[in-house]
Every structure is written in structure tokens, then in C-alpha cells.
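Hi,

Here is the structure I promised to pass along. Have a look at it first, and then read on for what turned up.

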Amino acid sequence: MSAEVLSVTTSSPTLRELILSHDLTFLMEAHDGLSAAIAERAGFKALWASGLSISSALGYRDANEASWTQVGDVVERMVEATNVPVLVDGDSGFGNFNNARIIARKLKQRGASGICLEDKGFPKMNSFIGDRQPLADIDEFSGRLKAVKDTTGPDFVLVARIEALIAGRGLDEALARAHAYAKAGADAILIHSRLSVPDEILAFAKEWNNKLPVMIVPTKYYRTPVADYRAVGISTVIWANHNMRAAISAMRHVCDRIIQEESIAGIQDEIATLDELFELMNYGELSAAEEKYLPRTANGQG
């Protein structure tokens, strides 16, 4: 469903406007065109193209098993299905500075609004798996950031994701990296943590003092009230994998019910209707276009 064929188009704030806004911005995870359309309909003003979720949807692990071209194909479908900006989880850039600038350029061509790169090597491992989380050299990663910024220009948002807290390196290391990445051209800093409390995230935000906008991913410290994020001036909260996790739960439930009951009658009222699916994918526009462009034969068939 291309934005160009939508019957009604609406202007939305750019990704840069959202992350620079004084209001706390929320990005919702999406991993394909359908989940992107659902998130937009729910009211989210921007989307997070999650590496974990896209990999999972493709049947891969979040360890650079999916290629950057596969990720780019999915992002293109998300962009086509919506009218809101998409920030892409670019992992560590799929290699060195050259790989990073290639995928950033390709994502920009496909309509993405920005890319987030994390300061690890290639291949990366999901931040919540195991204790092997080696960090990239600061100067080398800064080169990746500079290459992306030089390639994509000022309008394409570049987010530098700091994994120092994930790797157990502490606040001082995280701040040193943030300063280096800001100098290298990052537009925002994503600070990540695997703790179940937000203490180290809030400490970073206070010390950093909004030198660049701060983005967070509260997957583990999910009980924290958003008022705490507002209090320290955090720019953006990313709900990073919840559409995928919701889909897993829903599909498992439906599959279990159908195999046990050998019928779909019992779950019919618990799932989306076909009409809802058709409306999300804008079949109405296609029907109207057929009336406009397809000739009718004598028996009424196009």
C-alpha cells in the first residue's frame, strides 16, 4: 500500500522534529508493513524498525543473520504502508564504515528517516543475550558515524547507540563515548541498559544534560513511570519489540485453540475480521482504482 495511492494523506512531524521536541516522543516497534500500519493507526507518530523483530519475522536470530538487503526490503514495505517517519535499527552497520554508509544510503533511498548504529563490531549479538558484548573502538566507531553523516546529509537522522552499560563498562565510559559520537556527527544518543531498574539510565541523562537528545529502550525497566523520563529531559522512548511479542502470544493462542478444538468457530470472535484486514491494507483504494482504470467486458468481468 503505497503512500502515493492513499485516498487521504496527512502530514506528520519529521523524525528530527519529534526527537527535538520538548514533548516526550514514543516510537513503536514494527517489523513489516502490516505491523507498521497498525502502529500508525494506534496513533504513534514514528516507528522503530526493530532489528530483533525483523530478524525474528524472517526466521533469523538477532545476530546479523539477516542481511542488510533483507532488512532494507522490509523497511521499504513499512515506509510504503504508512505516512509516519521510520527510524531503522541498523545494528552495528553490518561491517565497517563502508558497509554502514552503504546501508544508510540505501535506507534513505527507500524512504527511511534515520538509522541507529550501536557501538559493537560485526556480527553483533542481541544486547540481552549472554555476557559476550565486546565494544567497538571509539575512534573506529566514530569513523562509521562520520561516514554515514557525510553520505546521507543533514536531513537523515543519525542515532549513536551506546552499549557501554550493557557491556558493564560503567557511566564514565558511556559518557566518554557519547561525547566522541556527538563530535562525530550523531544527532541523538541512545543509551541502553539491561538492568530491571532505570538507575544507570537516569544517571547518564542527568550527567549528559541534553547535549544531544537522549533516546532509551526500557524493555527491562518497564515498570518505570514515564514521568521519571520527563524529569531528566529524555527525548524519546522506544517500545522496541512489543508488536512482535504480542504477535507471538496471539498466534500461539490461536494455533493451540484450533488444534485442540479442530474448529475455528471458538476463536472467530477473538481475532480480527477479514474486513479489518482489508481496511488496514486499503483494499478500498484498489477497488476504486479498478473501477477507474479497468475496462468492463460484456459479462461484467474486468
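Let's start with the largest pocket, keeping in mind that this is a predicted model. Its lining is made up of 22 residues, and the ones nearest the centre are L34, I38, A247, A250 and A272. Three elements each give two or more residues to that lining: α2 (33–42), α10 (242–261) and α11 (274–280). Of these, α10 gives the most, with nine residues. The volume of the pocket comes out at about 710 Å³. If you're wondering about its chemistry, the lining has 14 nonpolar residues, along with five polar and three charged ones.

Now for the strands. There are eight of them, and they close into a barrel with parallel pairing, in the order β1-β2-β3-β4-β5-β6-β7-β8. From one strand to the next, the twist averages 25 degrees.

Where does β1 meet β8? Strand β1 covers residues 25–30 and strand β8 covers 236–239; they run parallel, with four bridges joining them. To pick out one spot on screen, go to L27, whose bridge partner in β8 is I238.

Two helices are worth a look against the strands as well. Helix α7 (residues 171–184) lies across β5 (157–162) and β6 (188–191), and its direction is at about 160 degrees to β5. Helix α8 (residues 199–208) lies across β5, β6 and β7 (214–216), running at about 155 degrees to β6.

Shout if anything is unclear.

Cheers

Key
Residues are numbered from 1 along each chain as its sequence is written. This is a predicted model: local features need pLDDT of at least 70, side-chain atom pairs count only at pLDDT 80 or more; totals for chains, interfaces and linings use all residues. Side-chain values use heavy atoms; hydrogens and water are left out. Two strands pair if DSSP finds at least two bridges between them. Axes are lines fitted to C-alpha atoms, for helices over the stretch in contact, and angles run from 0 to 180 degrees between N-to-C directions. Contact means heavy atoms within 4.5 Å. On a 1 Å grid over the protein atoms alone, a cavity is a set of points where a 1.4 Å probe fits but cannot get out, and a pocket is an open set with protein on both sides within 12 Å along at least five of seven lines; lining residues have an atom within 4 Å of a point. Grid points are joined across faces, edges and corners, and a volume is the space filled by probe spheres set on the points. Ala, Val, Leu, Ile, Met, Phe, Trp, Tyr, Cys and Pro count as nonpolar, Asp, Glu, Lys and Arg as charged, and the others, Gly among them, as polar.
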